[in-house]
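Welcome, and please take a look at the model below before reading on. This short briefing walks through some of its features by topic.

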Amino acid sequence: MRNLLHATDRDRLAAWFRGPIDRVVTLGGRPVGALAEGAAGGSYCVAPANARAAELLAMPDIHDAAPGLVETAIDFAMAMEDAPAPSRCLGNHGLVVQRDDPRDLVVLTPFHVFTGDLSAGLLHQRPRGPLAGLVAVTHSGNLVEFQLGRRRHCEDVENAITDSGLRQDGDEIVLWHESRVMGRAGWLRPRPVEAGRLRYEYAISASSPLLRVTVTFTATAALRRLRVTTAADGLSDSGFADVSVHAAGAWTAFAPPAAAGTAAVSPTGPVTHLGVATDGWWPDGPSLHLRPADPARVMHASATALKAGQLHWLLLRHGPIDLPPGGSLTVREDRLLSIGLTGPEAARAMLPGAGMEGLDRHPLPPQGATLNAIGTHLLFAAAEAYRTPVPAERRAALAAWFDAQLARLQAGDPGLEDLAQAALGVEARLRTEGRPGHAAALGDLAGRLLALQGEDGAFRERDGGIASPAAHAQALLALARALPQLDPARLAPAIHAAVAAVWPATVELVAGPRLVAAEGLRVGDAIRQSELRYAEGVSLMARAAGAVVLAATASPGVLAEATIGQAEELHHQAIALLRPLVRLQGGVLEVMPSPFGGDPEPTTQAAAILGLMAPDAVILGLAASAA
């Protein structure tokens, strides 16, 4: 496969990385360079995205145009993995209060946007990034229940609000509203009586993705069996459906509601964590997590659906407690609106002391993408392919970090993409140095990839689900690059099956609550795919299919002609799907993440350029000359 990019188009695509996304951020109290998400610089920097971009930035022609960018991206990815609690994202600005009117507030943190009308008890929260226009959670819908004398009451909190406001202190802000809760006393001649005051506070900080909720009820009259609530409303608008609850040391999953109505989601025992997500807990879908500070106080949790398959209102009841006049009950709860976090992952991330300031607390295991970027960079540096040589001290430091991180990755249980990316990095190191340790590591990683391939040729994730087109392509690419290095009898059948498992078809693209049909590439019998990774998937498939053809040329007679022909056809199909996603914007070529638009970001932009410029032909050429 040849390079499909004219130098002018290559440079206009690569120029995107030299725009406003090249930022200086603060990590652990020190400034570091990083590539941010979004065409305008975004609000956060993603470690895996920097690592995947670094592989592209290590390509000689692109490297020589801006030598410092690959160093920036690699160093940021390494620093994020070396953090005391490695996390996926780092915010790149502080708290921004765009409007401080309690009736029409707008507050931005690096990870979320908060809007609403506190006088009506409405606080809306959206994630920043590609799902910003599709996903929202409303922190509202609360009740207060109590017995005053012989009368039982259930009152709407928002209808009783008498005051609201904001209180800012540097990079932290507290949003609040207060209700005057009324009841009726007297049996023969009931009269209105003030039962107490109920205050809800929502603490927001630029340094943490957590929303800290504090509910305080102060009794004016003697009350029995007081219960206050923490609620989330409007969830069905964002596609929330699945519920996962941790209680009594075990996780319990609740399927999407089968019909409209309210159902209990309270297993036996104190509720320590409750999470809701879109159907199937998509890896890049939204999830909302609630962590009560006092699980024993949670007496009941319920989920209400307006129609089958969609969760709309989530309610936790805290109590019951008897209060004398002047007595009070305080309930605290942490909330996390995240992208892709499962219940167990979020439970660990939300523990006190977890994560450094400014990090999103999304766990970051050892990244194969960082190993691939470093291995590729060292390969070209050793081949003296750069106009400006990489200093020997820098190369030695990168090699040492690579080897230590590779050991950590192999000691764990990496997913399909990390295995594939790590294999590419090790394969590059093997071409550079030919060390037996790297040969053994490549064999180990390839064996793990083969173990994740199904009988239908489609690769699987660790949970048994069919891999996304992007992940499948990564695995295919890794095997193709390893073919000249390992036993071809071991890899050739797997490569043939992996190519045959992909074909053009109408697929369903998912982005939060949105589900749309588009022409794409289907892996196995999986019709549904992530819309956010559509362009990345077709780009990687183009590169992987091209690498299969190139590997067949480097190792004649190893792959069957039918496999080579299928790979060539798959390459053409993927390129045809990729080309319409490239658009000209202000003299720079950008790659949209899907046929339905969206802002470009480093991972997709890098994957598209690599898919078009056939970098594996260069790498195999270096290996051939070295041999």
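The notes below cover a pocket, the cavities, a set of salt bridges and one residue in a helix.

This is a predicted model. Two spaces are described here: the second largest pocket, which lies between domain 1 and domain 2, and the largest cavity, with a volume of about 110 Å³. Several salt bridges are then followed, out of a count of 32.

**The second largest pocket**

- This pocket holds about 280 Å³ of space.
- Its lining is made up of 15 residues, and those nearest the centre are Gly239, Asp279, Gly512, Pro513 and Arg528.
- Sorted by class, the lining residues are five nonpolar, six polar and four charged.
- Why is the pocket placed between two domains? Domain 1 (7–88 + 364–620) and domain 2 (96–350) each contribute residues to the lining, so the pocket lies between them.

**A salt bridge at the pocket lining**

- Arg528, one of the residues nearest the pocket centre, also forms a salt bridge with Glu508, with the closest N and O atoms 3.2 Å apart.
- This pair links distant parts of the chain, since Arg528 belongs to strand E27 (residues 528–530) and Glu508 to strand E25 (residues 502–511), 20 residues apart.
- Arg528 has 41% relative accessibility, so it counts as partly exposed.
- Glu508 also counts as partly exposed, because its relative accessibility is 30%.

**A buried salt bridge and its network**

- Asp616 and Arg543 form a salt bridge, and their closest N and O atoms are 2.9 Å apart.
- Asp616 sits in helix H15 (residues 615–626) and Arg543 in helix H12 (residues 534–554), so this salt bridge ties together parts that are 73 residues apart in sequence.
- Are these two partners buried or exposed? Both Asp616 and Arg543 are buried.
- Through shared partners, salt bridges join Glu55, Glu427, Arg431, Arg481, Arg543 and Asp616 into one network.

**An exposed salt bridge between loops**

- Asp413 and Arg462 meet through their side chains in a salt bridge of 3.8 Å, N to O.
- Asp413 is in the loop between H7 and helix H8 (416–433), while Arg462 is in the loop between helix H9 (436–451) and helix H10 (469–482), so the pair ties together parts 49 residues apart in sequence.
- Asp413 and Arg462 are both exposed.

**Cavities**

- Searching the whole structure gives five cavities of 30 Å³ or more.
- The largest cavity, of about 110 Å³, is lined by 14 residues, and Arg52, Glu55, Gln421, Gln474 and Leu540 are the closest to its centre.
- Which elements give two or more residues to this lining? They are helix H2 (47–57), helix H6 (368–382), H12 and helix H14 (602–613).
- H14 provides the largest share of the lining, with four residues.
- By class, the lining has six nonpolar, four polar and four charged residues.
- Glu55 appears twice in this briefing: among the residues closest to the centre of the largest cavity, and in the salt-bridge network.

**Leu398 in helix H7**

- Leu398 is part of helix H7 (residues 392–411).
- With a relative accessible area of 1%, Leu398 is buried, because buried means under 20%.
- Leaving aside residues up to four places away in sequence, Leu398 touches Ile74, Met78, Ile374, His377 and Leu378.
- Leu398 and His318 lie 80 residues apart in sequence, and 53 Å apart in space from C-alpha to C-alpha.

Technical notes:
Residues numbered from 1 in each chain as written. Predicted model: local features only at pLDDT ≥ 70, side-chain atom pairs only at ≥ 80, totals over all residues. Heavy atoms only, no water. Buried < 20%, exposed > 50% of the residue type's maximum accessible area, 1.4 Å probe, protein only. Contact = heavy atoms within 4.5 Å. 1 Å grid on protein atoms, 1.4 Å probe; cavity = no way out; pocket = protein on both sides within 12 Å on 5 of 7 lines; lining within 4 Å. Points joined across faces, edges and corners; volume = space filled by probe spheres on them. Nonpolar A, V, L, I, M, F, W, Y, C, P; charged D, E, K, R; others polar. Domains from an automatic or database assignment. Salt bridge = Lys/Arg side-chain N within 4 Å of Asp/Glu carboxyl O.
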